[in-house]
Each structure stands twice: as C-alpha cells, then as structure tokens.
Amino acid sequence: MEFFRIRRDIPFMRYALVLNVISFLTFAAAVFFIITRGLHLSIEFTGGTVLEVAYTQTADINRTRATIEKMGFGEVQVQNFGTSRDVAIRLPVRSKDGGDIKQTEVAGRVFAALCQAENGTVGTKQYTTPQGEQVSRPSCTAADGTEPLTLSRTEVVGPSVGAELARDGALALGFTVLGIMIYLAFRFEWKFSVAGIVANLHDVVIIIGFFAFFQWEFSLAVLAAVLAVLGYSVNESVVIFDRIRETFRRMRKMTTPQVIDHAITSTTSRTIITHGSTQMMVLSMLVFGGPTLHYFAVALTIGILFGIYSSIFVAAGIAMWLGVKREDLVKVGAKESDPNDPNAGAVV
Amino acid sequence: MNRYPWWKYAILGVALLIGLLYTVPNFFGEAPAVQVSSGKATLKIDPAMVPRVEQTLAAAGLKPDFVQFDGNSVRARMADTDAQLKAKDALSKALNPDANDPAWIVALNLVSRSPAWMAKLHALPMYLGLDLRGGVHFLMQVDMKSALTKKAEAYTGDIRTLLRDKNIRHAGITREGNGIEVRFRDAAAAQQAQNLLLDQLPDLAWTPVADGGDVKLVGALKPEAATRVQDQALKQNITTLHNRVNELGVAEPVIQQQGSDRVIVQLPGVQDTAKAKDIIGRTATLEIRMVNETTEARDAERGSGPVPFGSERFLERGGRPIIVFRQVTLTGENLTDAQPGFDGQTHEPSVNLTLDAKGSRIFKDVTRENVGKRMAIILFEKGKGEVVTAPVIRSEIAGGRVQITGTMTTQEANDQSLLLRAGSLAAPMEIIEEKTIGPSLGADNIAKGFNSVMYGFTAIAVFMCAYYLLFGVFSTLALAVNLLLLVAVLSMLQATLSLPGIAAIALVLGMAIDSNVLINERVREELRGGASPQTAINTGYERAFATILDSNITTLIAGLALLAFGSGPVRGFAVVHCLGIVTSMFSSVMFSRGLVNLWYGRQKKLKGVSIGQVWRPDGGGTPAAKA
C-alpha cells in the first residue's frame, strides 16, 4: 500500500508568496478576534466558583439560573455539561468587601438553595461502598428519600491563585519559545531558527484565535495542549530542515528553491501519515474523553491540522526569503592543497 | 550488519521484565482494609502497634492478609468486606476502652490488592489524583502578615521591660505595622538603647531616625529572622494539620508545603468539605495551671477519694491522673515559643519555653511563691484536656525563659515542644483554592481516559499493520512497549496520575509513532532507490535517527517549560509528557531495531523485507527520491 505516488518534486516554493499571504491573513484575523472578543478564560485564570450538579430528571436551566440569581452573587453562568441532566454553574470571584459570605462558602449555599428549589433538605450521607471504602458526602434528600440532585464537583479558586496561574502560563510559553529558538539556531542556523519559530507561533496564535472567535473555554488544560502543539509543530519543521540539509549535501546542482521543494516532497508521506496517526489518537480523545478533555482535544486538532500547513509552507517559505544557502548548512571543509604538489587538483 | 550483540538483547529483556513487574500492580484493584491512626495530638503511632493489632485480630478469629506500619498509620488488609467490618469492631473495642474518648481512630479503607512480595519491591500502583478518585483538595495560605505582627507585638512588650530594667528613659514605644518605633529625647539615650537591644534581641535590626527634636529608633525584623518565623509558622501548621487529618480516617492524605507560604491538603475519599474544613480549622489551646498536691488530691489521684472542690482531673500522657486547680495561671497566648534543646550543665534533653512580657511577669510571681510545687501544662483539643508535662518548680524564674528537664529522651523533648507550639498561636490559615470531586465522577474519568487511549491505540495499530505490514507490526509492538515502560516508570516514581496525565499518555503514543513512521519511510526510500534490503534497513535506521533525536528534543523543551511553570494537573501532564518522550526514544529506536534484527538479521541473502508496497516510478522524469 502506498498512498503517495509522487513522480516529480512538487514545486511548492513557486506558490510560496500566495500561501504565505493567506497564512498572514489568517494570522491577522486571529489576532483581531483575540483583541476584540478576548478569551473566555476558565476560573483557573480568573478566580471564581464552579459547581457541577447532576439532576435525576432533565435539568431546567432557567429555573436553576433564577434561583441562583436571587442570591445576589453576581453574574451567574449556567449551562448543560455533558448530558441534559448535568448542569455546570459558574460564579465570579467575590471581592474582599463583598459582604460577609466568604468565597469558600458560596458553593455550599448555592447547593443548599438549589436543593430547596427541589423541595429537598441538605444533609450528609455516610455510607460504605460495596468495595469497603467509607464515604461521607453532602446530599440533598427529598421527602420520599430519593435524591433529586447530587453534587458532582466543586471548584473554588481565589483571585490571587488565578493571577499566578495566568502569569506562570505566559512564562511557560515564553520559555518554550526561547528554548526552541536557541536549539534550532544551534542545530541548524539562525535563519532556520527564526523561520521555525515564526511558523509555529503562527500555529499557536491561530489556535488561540479559534478559541477567541468561538468563545470556547480556555483552561489550563488547553494551555498545556497549546504548548504541546508548539513542540510538535516544531518537530515538523525540524524534519523538513533536516531533509533540506541532507539534500544540500547530496545534490550539488540544485538551487535553493529546488532543494526545498525536493525536501518537502520527500517528506510528504511521512508528514501526512504521522499527522494522521496523531489525529486518530486525538479523535479518540474527542469522542471518548468526555467534556473535561473536550477542549483540550479540540486545541490539539486545530494545532495538528494547521501545523502541517505552517511547517511546510510558512517555515520553508520564510527560510527561503531569509536567503538560506548551501553554505549555511554544509560546512565546506577547507581542503588544504599543497601548491608545490604537481598532482594537486587532479581528479580521476 | 543488522545484528544486535547479545547484551543489547539482554538490556531489552530486562527493560521488558521491569516494565511488566511495575505495571502489573496497577491492574490488581483494591481490597478492603482497616486503618488505625492516632486520635489525639498527644498520642503517636509507632511500629509497636503492629503486633498489638495482629493479636487483637487473632483473638477475634480474623486473619488479615497482612498488617503494615506506614509512618502515619497501621493498616490491616482483610479478605472481604464482612471481615473488614468485624475487624473494625474488634479493634475499636480493644483499643478504645472509653468510646467517648477514643484514643485511636479505626477507619474502613481500601488498599491495593497486589501481593505482599510486590509491595516489598516497591511495585505499587500509581497514585491516582483526585480527579480520578474523588476527594477534596484545599490550597491554604498562611497569613504571614499576622504572624509577623504578633511577633512585633511580643517584641514591643519585651523592649519595654528591657529598657525599664536598665533605666533607660524613653518617650514611647509603638508598633507600626511589622516594625517597632521607640522614641528618645536625646541621641545618647538612643545610642545606649540601641546597643542594649542589639545585644539582647539579636533578631531585630535598628535604624536611628531624627524626628523633630527627638531621635526615633525604628526596628524591623532581620530578613533571616523573618523567614525563620514564616518557616516555623508554616511547619507548625503542617504538623497540626497532619494530626487533625488523621481524625478523618483518610487513607492517603497529602499535606505538602507549596512555595514559601502555602500548604496543599488533599483528602481522597472525603467529599464532605464542611466537615473537613471544620476539623482542619480547629485551634488547640494551651493552659498552665498549678497542680493540687494536698492529701485529698493525692487520694483522688489514686482513685480512693473524690476530686476536691476547685480542682479538675486530667490525664497525663502516660495515662496517670493529675489533679490541677481550676484557676488558669497562663494561657498559650503568653507562650511565644517552645523549642527542644539541651541543658547547659547536665546535657540532658530539655524543652525551652519563651514567654512574652506579660507572661514572664506572671510566671515570675507564680514561681517565686510556689518553689517546690508542681505546675501542669495542659493541651485542650475538642474541649478535652490532656497534660503534656508537669514539672517541679525549682526556683523563681524571671526573664521569661523557662527550661523543663528531667526523664525525657530527645524524641520526647521534640514531641513535647511540638505539642506546646500547637497550643500557642501559629499563624492563621486561609483557604484560597478548593476542589471537590464526587466519587462517581472519579470512576467515570478513569473509564473515559482509558477508553480514549485504548481506541486510539487500536486505530493506529490497525493502520500501521495494514500500511507497513511486518514493519508495521514491529512498530506497533514498539508502541506497546512504550506504553508499558511509561506506566512502569510512573508507578516506580509513584507519580500522581490525573486526567490530563492520561491525556498526556494518549498524546505521547500519538507522537511516538512518528519515529517509527520516519524509519519505515526511510527504509522504503532506500529500497526504492535500489539498495539491497540489509543495507536499506541499516541506512534507514541510521539516517532517521538524527531526525528523531532533533524532533524529540524540541518536544522535550516544551515539556520541560510546562514542568517548570506548571502546577497541579498541568504539572502531572508535563511529567508524563517528558517521561513519555524518553521512553519513546528507547522503544521506537532500540526495541524496534532489536525486533527487526532478530527477524531479518541472520539472513545473508535477504531478498526483500515486508514493508508494504515500495512503489517505484517507472523510468522518465525526475523520481521523487534518488539515492
């Protein structure tokens, strides 16, 4: 089985200008959306409270929202999460002078209010699981002993923690970029370093642009995915640069654009197959991973798809325009020929 | 040329074996167990509890799988839940004769089912994070400012006493924020005072400031002293938390310092945040009272008489009763520090207490009037008191520095100081982050993570085998070994696995296949160019290696940055990511080469390799790749 029956080197670099203009436009669009719409950050970055409750019947979102809004905790976001019975509730950070209800008490009170709306009473359930573990958890019991709603998860993040996580995330991104640039400059040459980093930052910005445009929740997991994509994308460019270096060494007569074309064409099959395989794994995560991993998988998918594009066209194109030459990569060893040697320069 | 020396195969074999050994515990599941931990701050659990538990269970006709001491508690693994409940009853009756005042907490818990010999080799299952197990997570911040303010307040009193004793006139001492200001009418007095204070209170640094006609001495805690105060407050709080958490009967609580002023508390299995917060937020109080040594009191101690009026009965740490007066001489508020040490002359272990100004004044009076009598220091927790130590007063003690010696080992001196500090005010803590995960959600998450990895792996495996035939099979096997080694290393390190961690495993597998694709494509290319099969294999692996190395290093850089700056689940992701890259380099290059060499290496006249279709363009034009 061979999917890639390519007879000639595909002249990618002829279209380098067009392709790079397209990528620049998408880049500009992404930046525009990031600036105008901003990111929908999760509470890990902004601080706040998140509750996930599971109702036994299909949840009535509007009633839930009304109940919580009456409590006066600020702007409440209520939405379905996973199934129609699961509801995720998000409340903003309480400022220090927001009354005498501390942030850590908010979740408990909201649960109590929701329980009351279902005509239940809040209590604690203590039981031993059939495996033999003791569990003690808050519960909402109705008059007939059933539990109209259960608390799946709560998360409370103070404002200082959120700000710190945001700063750490930015630092992680900065150091990754720096580290990769240094490595590429050391392994290949500075022109490749610049080309590689520009192409791959382009990827990162596009992913963030998607998240800004669709207002998907940008959490720490998504940030981790973005950094993973950055590493993976550079991976891509490295394979091509490696081929370029090898081609410079082997094919003495080719010009730089021809060398680049040859390198890209030879690695096409490997590129597509690898991206396909990784995408299969990410697809599996999208389908089976559930709502927690959903945006993580989405970020990875966008990164993988745009990664092919950016590593091939953008990276190689920029390298070409920066004027990459054979001499940059292939260190020609000075062959010291003795001027007095009558056989100097003779070749069989 | 495609032969691996025998020792390389030996390495591969050993790696496989270790991988299997350390991965298998993860699949054993959990068995019911009973956990015994200390219910009182004054009681410490030690290995001597193990035979006691064994005897109690044997007497009840129960046979545990094993009884183990693991630092904080003793665990006995039982065969099933019935046995577990019977064991709990038996142990509660035997260890806690007074049901209202339990000295030991007996709780039901789960312990891994792996056989004991594996546990001895430290082949334990991975530690599951909260989002896979369910539980409660708190991030608490110590209010350092108030710790420093209290210290400054205490110093203000001390300075006042010092200056008065040396007859140095001053015009006022005030505390400003975390610093102290002392006013003087003239520079000479200020200088004298500065020398005195530098000598007596080495932790403070002073700067003279002219203010109007007066000279002010502005004092602040030296940076090393300030860090020391913070450090101590944090460690003190962590110890107190350990003791408190034991009460909840949690199987594997995590209480760790994070940074310079934060503590992480993770309680798997607990979903009741209210109860957890209640127990953790409780404070203990300390009281110093005089011991009642009249004959009636001694009768009461022996049990032959009632407790006299105006006195109360407490138990000492060994269990002996002591009768103390109800009147409180000093409280923990006046105790600023308690440290273990050694007596200057006899070199016996001792406990050194430091009292603040008010405390030392009261203490001086009390000790002067009660030489030869005993004084009891009582720790109150949950409303019940226990006597920590009851030393004899030998002489009047002024200056607020008290040394308690006599019949204690260094360990006991350490323990007692710890307890005394628990009663004095450590800095208060505030919860800045809180997460609770319900148990069903935890199990759900494991299933989801596992399914994603499994289906993704299957899809990749099918594709590779179909496209690259035998080489594809080798690549798939290498990927499987990669997974095995990764899980084994994570289990060995006892790393915490979270849902992002499982996602990282999936991602690592998706990226690891890249190396094998590179190799396979390269071999195909060499074959296409007309090289002989043995040469093609060799060149393919050689050429591909440089590219594999480069690409893995760049992914590693991203992983390391995440590791350095990430926290919590993101850190878990980063750890798995970085480890995965290392294991993937080993398995995709060395292991797959080992397999290929095993299969093809010996055949001298190899005609072809099973690598799928090696399509050759038929003459004319520029072929896509040329040797």
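Domain bounds, as used here, come from an automatic or database domain assignment, and they are applied below to a predicted model.

**Exercise 1.** Into which domains is chain B divided, and how many Å separate the centres of domain 1 of chain B and domain 2 of chain B?

*Solution.* Begin with the assignment, which divides chain B into domain 1 (6-22 + 439-600), domain 2 (30-113), domain 3 (145-225) and domain 4 (285-424). Then take the centres over C-alpha atoms: those of domain 1 of chain B and domain 2 of chain B lie 43 Å apart. For chain A, the assignment gives domain 1 (12-42 + 160-329) and domain 2 (48-157), with 41 Å between the two centres, again taken over C-alpha atoms.

**Exercise 2.** Where does helix α13 of chain B bend, and by about how many degrees?

*Solution.* Start from the span: helix α13 of chain B (residues 439-492) has 54 residues, yet its end C-alpha atoms are only 26 Å apart, whereas a straight helix at 1.5 Å a residue would reach 80 Å. Next, look along the helix for the turn in its axis, which is found at B:Leu469, where α13(B) bends by about 145°. Finally, follow the chain just past α13(B), where B:Gln494 takes a positive phi of about 50°.

**Exercise 3.** Why does B:Ser92 count as partly exposed?

*Solution.* First place the residue, which belongs to helix α3 (residues 81-95) of chain B. A residue is buried with 20 or more other C-beta atoms within 10 Å of its own and exposed with 12 or fewer. B:Ser92 has 17 such neighbours within 10 Å, and it is therefore partly exposed.

**Exercise 4.** Which strands does β2 of chain A pair with?

*Solution.* Consider first how covered the strand is: seven of the eight residues of strand β2 (residues 48-55) of chain A are buried. One partner is β7(A), which pairs with β2(A) in the antiparallel sense over eight bridges, and here A:Gly48 has A:Val157 as its bridge partner. Another is strand β4 (residues 83-91) of chain A, joined to β2(A) by six bridges, also antiparallel, with A:Val50 standing opposite A:Arg90.

**Exercise 5.** How many residues of chain B are in contact with chain A, and which strand of chain B is joined by bridges to β7 of chain A?

*Solution.* Count the contacts on each side: 77 residues of chain B touch 71 residues of chain A. The chain B side divides into 42 nonpolar, 25 polar and ten charged residues. Then turn to the strands, where β7 (residues 149-157) of chain A runs antiparallel to β22 (residues 429-437) of chain B, with five bridges between them; A:Val157 stands opposite B:Glu433 in β22(B).

Methods. Residues numbered from 1 in each chain as written. Chains lettered and ligands numbered in written order. Predicted model: local features only at pLDDT ≥ 70, side-chain atom pairs only at ≥ 80, totals over all residues. Helix = DSSP H or I, 4+ residues; strand = E, 2+ residues; numbered from the N terminus. Expected span 1.5 Å × (residues − 1). Bend = angle between axes of the 7 residues up to and from the residue. Contact = placed C-beta atoms within 7 Å. Nonpolar A, V, L, I, M, F, W, Y, C, P; charged D, E, K, R; others polar. Pairing = 2+ DSSP bridges.
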